[in-house]
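Visitor: Could you pick one strand of this protein and look closely at what surrounds it? I would like to follow its partners outward and see what they build together.

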Amino acid sequence: MEDIIDKIVEHIKKKDIKIVTISESNHRSYTSHTFHFRLAKKLYEQGIIDTFSSERMGINDGEIIDYYLKHNLDIETLHSKLPFGGMGYYRFVKYFSKKPYSSYKIVGLEEDKYCFNIYDRMPRSFQGSDYKGGKDREKFWLKNIKKILKERGNLFINGFHLSKKDLIGKFLEKEYKDKTLFISMAALEIKTQVLIIDRNLYPKEKDFRKAIRNKDYIMKVENIDKICKPTALEKKYKDWKLVKSNDKNKNLTFRAVGCFVALYKDEYEKRINLTPEISYKVKDYDYLVFFKKSIYKE
């Protein structure tokens, strides 16, 4: 892991890159988020990047985190009460709480609706700074990325929806092409949540989504191989590997899982292959960081 981080940091320094986007093998990948943290930590310590954000870190999430850091409050209470706050960011917050407040910024850029109970513990007078309900998620997110880049000039951000083909990535490619590095992550073994739904109870697509919202499913935490077979690219490597996107590998694919894999019970029992539905192409990134085993952590 450290060798790959060193190679990436050297590349960033050589090219004077100011924006780093990085995905993970899945949202609950402790291994991926450990890599994110160690890479971000080194970029900060070497004075390259001092602004940090994450998918699902809402505007209000960021303001709460910032308030705790600015006033040197107990991070442990933040960890237990903040409803979401960004993926894998507890280590970031804890680390930066020991650093001079003016030397970094953790900022929420997303809509807060992805954390449905964000307001439950808020005073009635609390008002979010920049949330207009009903706006397209990625447009809202991009608007705030534009704003923070003008203000800070650099950004490290993790999560999906940040590749070259996405709305945010297209903007970065156009406006900050030589200053942006797009990184993806993939693993041969991915352990995460699998949600199994009864087709008899939820036969239609809209019902399928309703089952997930209502948490009417059987949930297993397991290796996804039985329903999402490894790709040819993933089977090629044995351990940590930094893969540069090029003409030979650009159309090869790798798997990446969001919060979970959801399917009907009969599909699960037949071990239907869902790999095409969760696959991404190498060409949509500059580099792929491959590793063997993605450790699950809720």
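Guide: Let's start with one pair of residues: Ala186 in strand S5 has Phe290 as its bridge partner in strand S11. Strands here are DSSP runs of E of at least two residues, and helices are runs of H or I of at least four, both numbered from the N terminus. Two strands pair if DSSP finds at least two bridges between them. A word on the ground rules: this is a predicted model, where local features need pLDDT of at least 70 and side-chain atom pairs count only at pLDDT 80 or more, while totals for chains, interfaces and linings use all residues. Residues are numbered from 1 along each chain as its sequence is written, and side-chain values use heavy atoms, with hydrogens and water left out.

Back to S5, our strand for this visit. Its pairing with S11 (residues 287–294) is parallel and runs over 7 bridges. With strand S6 (residues 218–223), S5 pairs in the antiparallel sense over 6 bridges, and there Leu195 stands opposite Met219. Strand S9 (residues 261–264) is a parallel partner of S5 with 4 bridges, including the place where Ile197 faces Tyr264. Strand S1 (residues 19–22) also pairs with S5 in the parallel sense, over 4 bridges; here Thr21 has Phe182 as its bridge partner. Of the 18 residues of S5, 16 are buried, so the strand is largely enclosed by the rest of the structure. Buried means under 20% relative accessible area, exposed means over 50%, and partly exposed lies in between (1.4 Å probe, protein chains only).

Thr21 leads us onward, since that residue also stands opposite Ile157 in strand S4. S1 and S4 run parallel and are joined by 4 bridges. In S4, Leu155 and Ile157 point one way, Phe156 and Asn158 point the other way, and all of them are buried. S4 (residues 155–158) in turn pairs with strand S2 in the parallel sense over 3 bridges. Ile157 appears again there, as the bridge partner of Ser53, and Ser54 stands opposite Asn158. S2 (residues 51–54) alternates as well: Thr51 and Ser53 point one way, Phe52 and Ser54 the other, and all are buried. Beyond S2 comes strand S3 (residues 105–106), which runs parallel to S2 and is joined to it by 2 bridges; Phe52 has Ile106 as its bridge partner there.

Two loops that follow these strands deserve a glance. Most residues other than glycine have a negative phi. Arg56, in the loop between S2 and helix H3 (59–70), has a positive phi of about 70° although it is not a glycine. His161, in the loop between S4 and helix H7 (167–175), likewise has a positive phi, near 65°. His161 counts as partly exposed, at 27% relative accessibility.

The side chains tell the other half of the story. A nonpolar core is a set of buried Ala, Val, Leu, Ile, Met, Phe, Trp, Tyr and Cys residues joined through side-chain atoms within 4.5 Å. In the largest one, of 51 residues, Leu39, Ile106 and Phe156 touch the most other members. S5 gives the most to this core, with 7 residues. Apart from it lies another core of 25 residues, among them Val107, Ile168, Leu172 and Val282. As for Phe156, its contacts (heavy atoms within 4.5 Å), leaving aside neighbours within four places in sequence, include Val20, Ile22, Leu39, Ile49, Phe52 and Phe92.

One more stop is the second largest pocket, with a volume of about 290 Å³. Its lining has 16 residues, of which His11, Lys164, Thr180, Leu181 and Asp286 lie nearest its centre. S5 (180–197) and helix H1 (2–15) are the elements that give two or more residues to this lining, and S5 gives the most, with 3. On a 1 Å grid over the protein atoms alone, a pocket is an open set of points where a 1.4 Å probe fits, with protein on both sides within 12 Å along at least five of seven lines; lining residues have an atom within 4 Å of a point. Grid points are joined across faces, edges and corners, and the volume is the space filled by probe spheres set on the points.
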